[in-house]
Amino acid sequence: MEHFLSMKNLSEHEIIKLLKRADQVERTKIVSRETPLFVANLFFEPSTRTKMSFTVAERRLGMEVLDFSQESSSVQKGESLYDTAKTLEAIGASILVIRHPMENVLEQLKNGITVPLINAGDGKGEHPTQSMLDLLTIYQEFHRFNGLKVAIIGDIKHSRVARSNAYALQTLGAEVCLSAQESWQDESLPFSYVSMDEAVEMCDVVMLLRIQHERHDSIQSRNSDDYLTSYGLTIERESRMKNHAIILHPAPVNRGVEIDDSLVECERSRIFKQMRNGVAVRMAIISQLLEDRGTHVADNFNKRSAISR
Amino acid sequence: MEHFLSMKNLSEHEIIKLLKRADQVERTKIVSRETPLFVANLFFEPSTRTKMSFTVAERRLGMEVLDFSQESSSVQKGESLYDTAKTLEAIGASILVIRHPMENVLEQLKNGITVPLINAGDGKGEHPTQSMLDLLTIYQEFHRFNGLKVAIIGDIKHSRVARSNAYALQTLGAEVCLSAQESWQDESLPFSYVSMDEAVEMCDVVMLLRIQHERHDSIQSRNSDDYLTSYGLTIERESRMKNHAIILHPAPVNRGVEIDDSLVECERSRIFKQMRNGVAVRMAIISQLLEDRGTHVADNFNKRSAISR
Amino acid sequence: MEHFLSMKNLSEHEIIKLLKRADQVERTKIVSRETPLFVANLFFEPSTRTKMSFTVAERRLGMEVLDFSQESSSVQKGESLYDTAKTLEAIGASILVIRHPMENVLEQLKNGITVPLINAGDGKGEHPTQSMLDLLTIYQEFHRFNGLKVAIIGDIKHSRVARSNAYALQTLGAEVCLSAQESWQDESLPFSYVSMDEAVEMCDVVMLLRIQHERHDSIQSRNSDDYLTSYGLTIERESRMKNHAIILHPAPVNRGVEIDDSLVECERSRIFKQMRNGVAVRMAIISQLLEDRGTHVADNFNKRSAISR
């Protein structure tokens with residue numbers, strides 16, 4: 001891999017290889033290099049989970065983190081993303097992690113920037129590292145994707161997570177179905193829509209999405225209770241899920257809207273496990289990207305991981 | 001100790017044990033662990049001193065710091081404190097330090113969060129680590145609390161520091177008196193009010209408070225000079241203090257309001273010593289909390305501190 | 001050196017010593033101390049390059065970085081710069097790096113603050129570390145300053161970089177000329193003004209400045225194309241530069257305004273090399289300041305650099 005921008009162009013082999021690496025990376029004891037490697041996190045949109053998760057992953061790999069914050073940067077003086085990225089490369093970043101409100105914005109950088117780029121969410125485009133942590137959570141549960149039934153449910157139209165997961169799950173041979181109120185359906189995705197009631201009964205994985213209020217043009221008049229009853233995961237619907245079926249949600253959860261408050265930490269919820277897995281997949285992606293360019297994040301990393309694989 | 005939320009429920013023994021630990025912690029040479037421990041600092045109110053002091057304490061203990069800043073987080077997307085805290089726990093924080101504008105907010109977290117919580121200031125509630133550094137400063141000066149006369153002076157009603165110190169000083173056997181203009185008195189505290197002039201003459205410790213402009217409902221019409229003359233520590237009042245008496249202030253100081261500008265760094269002022277002590281008490285509290293759960297912040301920490309104790 | 005505040009009072013010997021130190025510092029392998037040294041970065045104005053560059057320099061020296069951000073600090077409660085600086089010193093910072101909108105603001109701190117101060121830009125005053133990286137870039141190119149012709153071009157009146165460079169280049173024996181539209185000329189500088197066309201033809205170093213929109217009182221009515229044609233570095237002007245002449249710009253570049261977009265990364269541009277050099281000069285300045293007070297940033301730093309010098 002040269003960059004990590006999208007789930008669309010990753011092969012089954014590449015995805016599985018990364019998942020296996022992620023699955024063992026947490027057990028690898030990493031002794032950091034004498035000369036530190038720097039990574040720059042450039043977040044042009046608010047984030048807790050993704051940013052902190054990248055930070056933990058990077059520090060656990062022994063890397064130095066350059067925490068770029070838009071509010072106090074030269075972006076205030078009108079500097080372009082390209083020039084900001086080029087600057088961070090010039091002062092020593094070996095890898096750039098970028099979240100940006102504009103779709104496909106990282107594609108523009110591939111020409112001038114020579115270090116690996118990681119897409120941490122580009123507008124309504126993709127969110128491939130979130131997809132990887134969803135996949136790792138499914139993989140740890142079922143140890144396969146082929147034939148697995150996965151429902152992606154909710155605000156599909158505005159969700160970059162839905163898009164990344166739909167591409168990847170198709171590549172991996174899962175059967176994907178979608179469920180959403182009409183105004184939030186996205187006809188460009190090659191999957192059929194089913195009702196919420198059908199979705200919960202037939203699927204192994206119930207993947208809820210967050211309502212992306214911040215990407216909606218107007219305030220939704222529908223109230224929260226209405227939404228939960230019509231399209232959300234109620235206690236009643238949860239009771240009709242298959243015995244072994246699990247619940248995923250990328251969080252932050254709108255409790256009582258997409259899912260009943262009491263189900264967020266229920267037995268079949270993997271919501272906080274997803275977050276834990278976020279650190280592992282990001283460690284795997286970063287170390288793989290650097291390794292593919294001949295750089296090792298830690299003096300002992302390869303040797304140890306070679307043994308444990 | 002499971003958490004560090006309030007001075008109210010700490011016993012004399014627990015406080016003294018922490019003060020002794022703090023008193024020697026700066027001299028302990030700490031070699032950090034191979035696998036780093038993470039701490040998350042969640043500050044939902046502005047802070048220089050407390051936040052930076054925690055950061056220094058954490059780094060000196062060899063810990064990795066997750067610096068959560070509200071402005072660029074998912075709190076912007078409406079995420080609750082509980083979900084934010086749970087997230088940071090999930091991605092690997094071994095301890096959470098929280099400052100929040102709402103009183104008692106950490107009590108709500110004790111059910112779902114399993115890692116130790118430290119209260120870094122909750123609204124008008126408490127500020128127990130500030131209290132600990134005040135106590136350490138007094139302890140280093142007088143080597144006792146029993147019978148010591150301490151005056152807490154100023155905006156008592158809006159001060160979480162006053163509350164934490166009043167509880168702790170009582171536990172430790174000090175004689176506490178209060179001094180404040182009528183509108184800033186807090187009748188819930190079981191101590192008597194004296195005039196500023198009485199306070200300065202009879203006390204061993206003159207503990208000034210900051211006027212909490214940001215917690216007042218309306219703008220005070222009184223001007224600064226008036227306040228200093230009526231209720232502040234003027235040069236004239238300072239001259240009537242006991243020979244060995246010391247001045248404390250939690251800072252930031254409103255120079256020329258609570259205290260004459262020239263007294264901030266005078267001989268009996270311990271204001272900057274308090275700040276230095278803030279690092280020591282926070283190192284002690286964090287390492288104690290983790291140790292009480294069987295986690296050691298540094299491979300050599302216990303052994304060395306065992307020797308030096 | 002006690003502090004690093006201005007290029008005005010540095011001797012030729014001091015500048016050259018720092019440049020040589022910077023030139024070799026990147027090749028020095030630094031093993032950090034067991035007890036970390038803390039540095040506080042206090043930026044009261046937006047910055048990407050300078051702040052990130054200091055951070056990389058500090059981390060590469062093995063130092064712990066206290067990242068003070070105005071937005072979430074007690075400056076919000078009205079704390080003065082002096083008290084903020086004094087606080088950071090009290091909690092353990094061994095050196096303070098300060099950027100501030102007010103000219104000469106660091107001079108006020110020299111009395112009460114005992115640790116070394118570094119000026120990272122003071123209003124329209126100076127920006128001495130930027131000057132040092134410009135000088136290093138020139139030094140690496142020509143290995144001398146004496147007799148070198150340098151043109152400083154653009155918004156001289158509002159530029160702290162121009163001022164620092166003009167002082168230093170004069171000290172070093174370079175021939176400095178200035179070029180600016182009339183309203184941006186600064187008559188206090190003891191150099192003559194030439195036209196842009198003269199400047200590009202006769203100089204070895206074409207040092208462009210950024211238009212400091214944020215320091216202008218009113219919005220400039222002139223459009224960007226006009227500016228480039230009249231006063232900027234067009235492709236046509238670049239073609240008339242001496243063969244060996246180089247282009248410098250402190251960045252962020254207003255592409256297509258001060259310089260044609262396509263020249264930013266052209267062969268004679270050293271713009272991104274300047275950024276790389278920024279890390280080296282800051283490593284040199286910090287380690288020199290600490291060393292001059294008997295503190296070594298790394299256990300092995302001096303020994304190794306003694307050998308390689």
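Two strands count as paired when DSSP finds at least two bridges between them. I begin with that definition because the first feature I wish to present, in a model that is predicted, is a sheet built from such pairs.

The sheet is in chain B. It is open, has four strands, and follows the order S6-S5-S7-S8 with parallel pairing. Which strands stand at the edges? They are S6, residues 175-179, and S8, residues 246-248, of chain B. Each of these has a single partner strand, so one side of each is left without a neighbour in the sheet. From one strand to the next, the twist averages 20 degrees.

Let me turn to one pair within that sheet. Strand S5 of chain B, residues 149-153, runs parallel to strand S7 of chain B, residues 205-208, and four bridges join them. If you would like a position to look for on the screen, B:Ala151 stands opposite B:Val206 in S7(B). A helix also belongs in this picture. Helix H5 of chain B, residues 160-171, lies across S5, S6 and S7 of that chain. Its direction is at about 165 degrees to S5(B).

I move now to the contacts between chains, starting with chain A and chain B. The size of an interface is often given as the accessible area lost when the parts come together. For chain A and chain B, the buried area is about 2100 Å², and carbon and sulfur atoms give 58% of it. Chain A brings 26 residues to the contact and chain B brings 22. Which residues of chain A lose the most area to chain B? They are A:Thr48, A:Met52 and A:Arg59, which together account for 26% of what that side buries.

A:Arg59 appears again when we consider charge. Side chains of opposite charge can pair when their charged atoms come close. Here, the side chain of A:Arg59 meets that of B:Glu64 in a salt bridge, at 2.6 Å from N to O. In total, four salt bridges are found across the interface of chain A and chain B. The count of residue pairs in polar contact between these two chains is five, with both residues at pLDDT 80 or more.

Which elements of chain A give two or more residues to the side that touches chain B? They are helix H2, residues 49-60, and helix H9, residues 271-291. H2(A) supplies the largest share of that side, with eight residues. By character, the residues of this side of chain A divide into ten nonpolar, four polar and twelve charged.

Next, chain C and chain B. This contact takes 22 residues from chain C and 26 from chain B. The two chains bury about 2100 Å² between them, with 58% of that on carbon and sulfur atoms. Four salt bridges are counted between chain C and chain B. One of the pairs to examine is C:Glu79 with B:Arg49, whose side chains meet in a salt bridge at 2.8 Å, N to O. Five residue pairs are in polar contact across this interface, both residues being at pLDDT 80 or more.

On the side of chain C that touches chain B, the elements giving two or more residues are strand S2, residues 64-69, and helix H3, residues 81-90. H3(C) provides the largest share, seven residues. The residues of this side comprise eight nonpolar, six polar and eight charged.

Chain C and chain A are also linked by a charged pair. C:Arg255 forms a salt bridge with A:Asp83, and the closest N and O atoms are 2.7 Å apart. C:Arg255 lies in the loop between strand S8 (246-248) and helix H9 (271-291) of chain C, while A:Asp83 lies in helix H3 (residues 81-90) of chain A, so the pair joins two chains. Over all chains, the structure holds 63 salt bridges.

I close with the backbone. Most residues other than glycine have a negative phi, and most peptide bonds are trans. Where, then, is the peptide bond cis in chain A? The bond from A:Ala251 to A:Pro252 is cis, with omega near 0 degrees. A:Pro252 is in the loop between strand S8 (246-248) and H9 of chain A. In chain B, a cis peptide bond joins B:Ala251 and B:Pro252, with omega about 0 degrees. B:Pro252 sits in the loop between S8 and helix H9 (271-291) of chain B.

Finally, A:His143 has a positive phi, near 55 degrees, and is a residue other than glycine. A:His143 is found in the loop between helix H4 (128-142) and strand S5 (149-153) of chain A.

Conventions: Residues are numbered from 1 along each chain as its sequence is written. Chains are lettered from A and ligands numbered from 1 in the order in which they are written. This is a predicted model: local features need pLDDT of at least 70, side-chain atom pairs count only at pLDDT 80 or more; totals for chains, interfaces and linings use all residues. Side-chain values use heavy atoms; hydrogens and water are left out. Contact means heavy atoms within 4.5 Å. Buried area is the accessible area (1.4 Å probe) that two parts lose on being put together, summed over both. A polar contact is a pair of N or O atoms within 3.5 Å; within protein, one must be able to donate a hydrogen and the other to accept it, and residues adjacent in sequence count only if both atoms are side-chain atoms. Ala, Val, Leu, Ile, Met, Phe, Trp, Tyr, Cys and Pro count as nonpolar, Asp, Glu, Lys and Arg as charged, and the others, Gly among them, as polar. Axes are lines fitted to C-alpha atoms, for helices over the stretch in contact, and angles run from 0 to 180 degrees between N-to-C directions.
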